[in-house]
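Here is a brief report on two residues and one pocket. The sequence and structure come first.

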Amino acid sequence: VYENGRWSKAPGPEHDYMGFTSTAKNLYSSGHPAPRSGLVNPFGLIRSRDGGRTWDKLGLEGETDFHLLAAGWNTNAICVWNPEPSSRLKSPGLHCTVNDGFSWKRAAASGLAGKPHALAVHPDDRNLVAVATSQGLYLSRDAGQRFERIAGNGQGLAAFFDLDGVHLWYGAFSGRPTLSRLSLKDGVPISVPLPALTDDAVAYIAQNPARRLEYA
C-alpha cells in the first residue's frame, strides 16, 4: 500500500492476487492461495470488505483464475474475461455480474477484435464497459453486447474510467509507449506526457479517490 509517500505491506495473507481491483467499498480479486494456506487453487472470484485482511469466496473456487477483472467504483458491477468454460460460465469471453457473482450474464461482445489486455467498468454506469486489446481501445454502452473501436493507435494495454465519470484513460504501445485521456462525450483524445520509458509501457492505471488529481 502506498500512503503518505511511503510503501507498507498490506494486511492479510500473501496470496497471488490476479485481476486485483478496488471499488469504493470492496476489493475483488482472483488468483492463487499462499503456500500452506490450505485454500483451494485457484480462487475463482473473491471479495474483501476490510482492506484485504479477510476474503469471502464468491464462486468458481478451484475452477477459474481471472487475469482480467474490473469493477465499477460505486456500483460494484464486475466484468471478467473468462479464459475457458466452467460449471457456471459455460463459454469463454466476457461475462458480467451485478450481484457479486450470484448470477452471471455472458456478453456477446460483437465488434470486439484482437487479444484483450485490460478491462474497465464505468464508476456509475454499469452499462459502460471498455476493453483494451491488441487492436486498440473498444467501448460498449450496453454492458458488453456491442463494442465500437474508439482509439486504434497501437496495441492497447490499459483502460481506466476516471472517477469523474466523463473520461476514459488509455495506455498503448506503438513503437513507443503512449497514454491518452478521452472524453466519453466526443471521444477526442488528449495525449498525456510520460516519463522516459524504453521497452516498457503503461499497463495499469489507478486514481486516488481522495485526491483525484493524483494518478499512478
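The side chains of Ser30 and Asp65 are joined by a polar contact of 3.4 Å. A polar contact is a pair of N or O atoms within 3.5 Å; within protein, one must be able to donate a hydrogen and the other to accept it, and residues adjacent in sequence count only if both atoms are side-chain atoms.

This is a predicted model: local features need pLDDT of at least 70, side-chain atom pairs count only at pLDDT 80 or more, and totals for chains, interfaces and linings use all residues. Residues are numbered from 1 along each chain as its sequence is written, and side-chain values use heavy atoms, with hydrogens and water left out.

Two residues can be set side by side. Strands (E) are DSSP runs of at least two residues, numbered from the N terminus. Buried means under 20% relative accessible area, exposed over 50%, partly exposed in between (1.4 Å probe, protein chains only).

| Residue | Place | Relative accessibility |
|---|---|---|
| Ser30 | strand E4 (residues 27-32) | 0%, buried |
| Asn153 | loop between strand E14 (148-151) and strand E15 (155-161) | 34%, partly exposed |

Contact means heavy atoms within 4.5 Å. Leaving aside neighbours within four places in sequence, Ser30 is in contact with residues including Asp16, Phe43, Asp65 and Leu69. On the same basis, leaving out neighbours within four places, Asn153 is in contact with Tyr170, Ala172, Ser174, Thr178 and Ser180. Asn153 and Leu182 are 29 residues apart in sequence, yet their C-alpha atoms are 13 Å apart in space.

Key
Helices (H or I, at least four residues) and strands (E, at least two) are DSSP runs, numbered from the N terminus.
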